[in-house]
Amino acid sequence: MSVSVAFIAVLVGLVVWGLLVRRLTSRPWEAQGAPPEDTAQGGALSVPPAKIGLWLLLAVISSLFGLFISAYYMRMGHAHGDWSPVALPRVLWLNTALLGLSSVGMQAARVAVRRAQTDRVRIYLTAGGLFAVAFLVGQLWAWSQLNASGYFLGSPAAAFFYLLTAVHGLHLLGGLFVWGKTMVRMVPASLEVLDVRSSVELCTVYWHYLLIVWLVLFAVLLSTSA
Amino acid sequence: MAYVAIADRDHALHDPQTFITKYIWSQDHKVIAIQYAVTAIGIGLVALGLSVLMRLQLGFPHAFSLIAPGNYLQFITMHGMIMVIYLLTALFLGGFGNYLIPLMCGARDMVFPYMNMLSYWVYLLAVLVLVAAFFVPGGPTGAGWTLYPPQAVLPGTPGASWGIVLMLVSLGIFIVAFTMGGLNYVTTVLQARCRGMTFLRMPLSVWGIFMATILGLLAFPALLVSAVMMTLDSLLGTSFFLPAVVSMGQPATHNGGSPLLFQHLFWFFGHPEVYIVALPAFGIVSDLLSTHARRHIFGYRMMVWALLAIGCLSFVVWAHHMYVSGMNPYFGFFFATTTLIIAVPTAIKVYNWVLTLWRGDIHFTVPMLFAIGFIFSFINGGLTGLFLGNVTVDVPLSATYFVVGHFHMVMGVSPILVVFGAIYHWYPKISGRMLNDTLGRIHFWVTFLGTYAIYLPMHYLGILGIPRRYYAFGGTTFIPPSAQWANVGITVAALIVAAAQLVFLFNLIWSLTHGKPAGSNPWRATTLEWQTPDTPPKHGNWGSKLPVVYRWAYDYSVPGAKEDFIPQNVPPDEAPGAPAPAAAHGA
């Protein structure tokens with residue numbers, strides 16, 4: 001629980017200080033008049049809404065994983081003799097590398113999209129997605145290995161392993177859905193790179209984020225494994 | 001600028017073409033708001049019906065053979081969950097949030113209209129899954145709205161096989177719907193405000209909904225985590241929450257799980273949830289009081305800071321729901337302290353509401369009656385909260401009718417009074433017609449006085465030690481026979497209050513066609529939604545040109561001004577009269 005509270009405290013603190021404090025000291029009852037035409041509006045951030053939406057979503061997902069990790073530690077702490085740590089399958093290291101490569105691919109696509117190199121965007125985006133698929137296949141392999149070595153859902157540590165990796169995998173699947181839609185839009189030869197620029201950038205941010213989440217999860221699982 | 005691209009183009013991209021895209025698969029925030037509100041009120045009526053059945057059983061035990069003990073528990077559970085989540089959360093954020101945020105901020109629509117539409121349909125799916133529980137073998141779950149394991153998933157509890165799974169799945173779907181809507185509300189407030197609408201010129205309604213949405217986005221994941229883990233416990237035999245127990249004479253297959261972990265997760269969501277419902281109510285009631293008292297809100301900036309403070313503090317009080325759970329007593333001390341601290345910003349808000357009325361030009365319109373009624377109910381419910389927030393007082397009162405009386409006052413009646421006030425206030429803008437005034441007054445007085453007749457006696461029953469959630473009390477010696485008479489009285493009052501809601505429903509439907517035409521600004525209010533070129537506002541809200549905001553939302557009774565209000569979009573040179581000097585000192 002303390003992990004989640006700390007996370008939320010930091011987040012709220014950032015929002016309050018970064019966004020609001022400067023603006024919340026004005027005296028609206030005294031000031032009148034509108035800002036000049038070119039400042040567009042009352043003080044919104046000059047970031048596309050989709051990007052803000054994504055960052056908010058990442059905050060929500062962070063809250064979700066923070067709570068899962070809190071639950072993991074608390075369940076371990078409350079256990080009465082039934083907790084036996086899991087020996088993690090070796091393949092997880094390979095999977096971590098695959099997800100890292102996937103992130104690299106997405107980043108390369110993002111760079112290419114900024115330089116308007118359409119062909120490279122296609123190549124790197126495809127590579128990034130395929131590495132992510134490979135990661136998911138590797139995760140399933142890890143499940144089967146774990147299952148084969150006798151860690152079933154009855155063991156709480158194994159149940160948490162399956163649960164945490166499943167939740168992370170589902171989020172990656174969601175990302176792959178958006179990736180797939182972007183790939184379909186990239187099929188026509190007459191593609192203007194501007195059409196997919198925002199999708200590629202948002203996908204890249206999401207991919208990096210899921211890599212960080214995976215690294216945190218992996219670290220938590222490693223530090224508590226047999 | 002990105003802002004220009006979304007908000008200031010002449011025609012929004014998703015102009016409705018046919019009846020279906022206009023009213024059913026609509027992406028217009030106003031239509032979605034009405035869809036949300038109608039669905040929420042519909043399912044809320046189911047919950048109202050359940051509470052009537054519960055009261056009949058308690059007032060006249062054994063007189064109704066169709067209510068078996070198991071049914072009674074199912075009614076309690078579904079009543080609580082529907083009212084808190086599927087009615088209040090959905091209505092305040094999905095309903096009022098959708099309608100008011102773009103209009104009050106001066107935007108043409110939400111920034112992600114498609115996702116907004118999806119949010120409603122996913123919410124509807126959640127409601128349907130919830131309702132489906134009434135029709136599966138074993139019926140809905142009877143675990144109490146807190147769904148505590150282990151009993152929620154063990155045989156013997158009603159709905160332990162199908163009902164609980166459907167409940168958890170429905171909650172999961174609801175959270176997905178809420179997240180889609182919530183990302184929209186926050187991004188819209190951040191990105192789509194019109195020119196001149198600074199943060200500190202936003203009406204408090206928007207502030208309340210904005211803060212509540214942020215709380216919801218961060219807190220609902222806790223419910224999702226507990227729902228996912230309990231579903232796995234129930235279906236796949238994991239032991240996240242379920243300890244080794246002997247159930248119905250048989251040892252269960254579970255081993256070593258932690259029920260306390262569930263309570264922590266549930267209340268880490270559950271307490272912010274109280275404020276997810278309360279903050280929009282706080283915001284809306286501030287605007288109602290200011291408009292109908294023709295006076296600027298007292299201490300506007302302090303009101304905003306209080307909302308922020310309550311929002312932050314609401315994440316560190318959750319364990320005050322768990323004083324009797326057997327957790328470390330030092331925890332209890334910590335949480336009692338934070339609970340009492342949260343009373344400070346809340347009290348600031350109450351003082352400011354009362355001081356807004358002070359020497360105001362109070363118009364006792366129906367919305368105003370409900371807003372003032374809210375102050376009374378909220379103070380009552382809040383004061384008993386101080387009792388329950390202290391560990392030593394809470395322990396003997398835990399799980400008695402005192403708790404039921406407290407949270408119905410503070411979290412049931414108070415927000416519902418604001419919902420009613422807000423509907424009477426904004427119905428003219430939504431429909432173009434006024435609600436009937438006489439029916440509204442009848443509705444207010446019966447509801448307001450009736451809820452006191454219901455919930456005040458419950459505090460006495462609680463002090464006697466009468467436990468909640470009991471189907472019938474039998475020959476228990478510490479319960480005097482007079483307690484039964486109190487129960488009869490409560491039941492009669494509850495039936496009358498329930499009937500009064502039918503008057504309200506009739507008024508809603510009848511006034512659609514027979515109400516007095518409202519005009520564009522019947523309450524002579526300053527906020528932007530009353531300044532739209534059309535009433536009800538058309539798709540895109542503002543015609544060809546977005547409004548520009550020159551002042552805050554509370555320029556009422558400004559000395560030297562022609563009228564007693566200056567709308568937010570009136571430029572300084574068109575409205576003579578300095579901003580009220582009293583306002584400058586007021587905060």
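# Getting to know chains A and B

Q: What is the mean pLDDT of chain A?
A: This is a predicted model, where local features need pLDDT (the predictor's confidence in each residue, from 0 to 100) of at least 70, side-chain atom pairs count only at pLDDT 80 or more, and totals for chains, interfaces and linings use all residues. Residues are numbered from 1 along each chain as its sequence is written, while chains are lettered from A and ligands numbered from 1 in the order in which they are written. In chain A, 89% of the residues reach 70 or more, and the mean pLDDT is 87.

Q: Which element of chain A has the highest mean pLDDT?
A: Elements here are DSSP runs numbered from the N terminus (helices are H or I, at least four residues; strands are E, at least two). At the low end of chain A sits helix H1 (residues 2-21), with a mean of 70. The top mean, 96, belongs to helix H3 (residues 91-114) of chain A.

Q: Which element of chain B has the lowest mean pLDDT?
A: Chain B as a whole averages 91, with 95% of its residues at 70 or more. Its best-scoring element is helix H5 (residues 113-132), at 97. Down at 41, though, you'll find helix H1 (residues 2-7) of chain B.

Q: How many contacts beyond four places in sequence does the model have for residues 1-12 of chain B?
A: A contact means that the C-beta atoms of two residues, placed from the backbone, lie within 7 Å. Over residues 1-12 of chain B, pLDDT stays under 50. Residues 580-587 of chain B are also below 50, and have 14 contacts beyond near neighbours in sequence. For residues 1-12 of chain B, the number is 23.

Q: What is the radius of gyration of chain B?
A: Chain B has 16 helices and two strands, and its C-alpha atoms fill a box of roughly 80 × 50 × 50 Å along the principal axes. The globule rule (2.2 Å times the number of residues to the power 0.38) gives 25 Å for 587 residues. Chain B comes close to that, so it is as compact as a globular protein of that length, and its radius of gyration, taken over C-alpha atoms, is 24 Å.

Q: Which helix gives the largest share of the side of chain B that touches chain A?
A: The two chains meet through 60 residues of chain B and 49 residues of chain A. Elements of chain B giving two or more residues to that side include helix H6 (163-191), helix H7 (204-236) and helix H9 (300-313). The largest share is nine residues, and it comes from H7(B).

Q: Are H8(B) and H13(B) oblique or roughly parallel to each other?
A: Helix H8 (residues 259-292) and helix H13 (residues 401-431) of chain B have axes that come within 9 Å and cross at roughly 40 degrees. Axes are lines fitted to C-alpha atoms, for helices over the stretch in contact, and angles run from 0 to 180 degrees between N-to-C directions. Under 35 degrees is roughly parallel, over 145 roughly antiparallel, 65 to 115 roughly perpendicular, and the rest oblique. This pair is therefore oblique.

Q: How far apart are the axes of H11(B) and H13(B)?
A: Helix H11 (residues 366-389) of chain B packs on H13(B) at an angle of about 160 degrees. The two are therefore roughly antiparallel. Their axes are 8 Å apart.

Q: Which residue of chain B follows B:Thr535 across a cis peptide bond?
A: Most peptide bonds are trans. The bond after B:Thr535 is cis instead, with omega near -10 degrees. The residue that follows is in the loop between helix H15 (482-514) and H16 of chain B, and it is B:Pro536.
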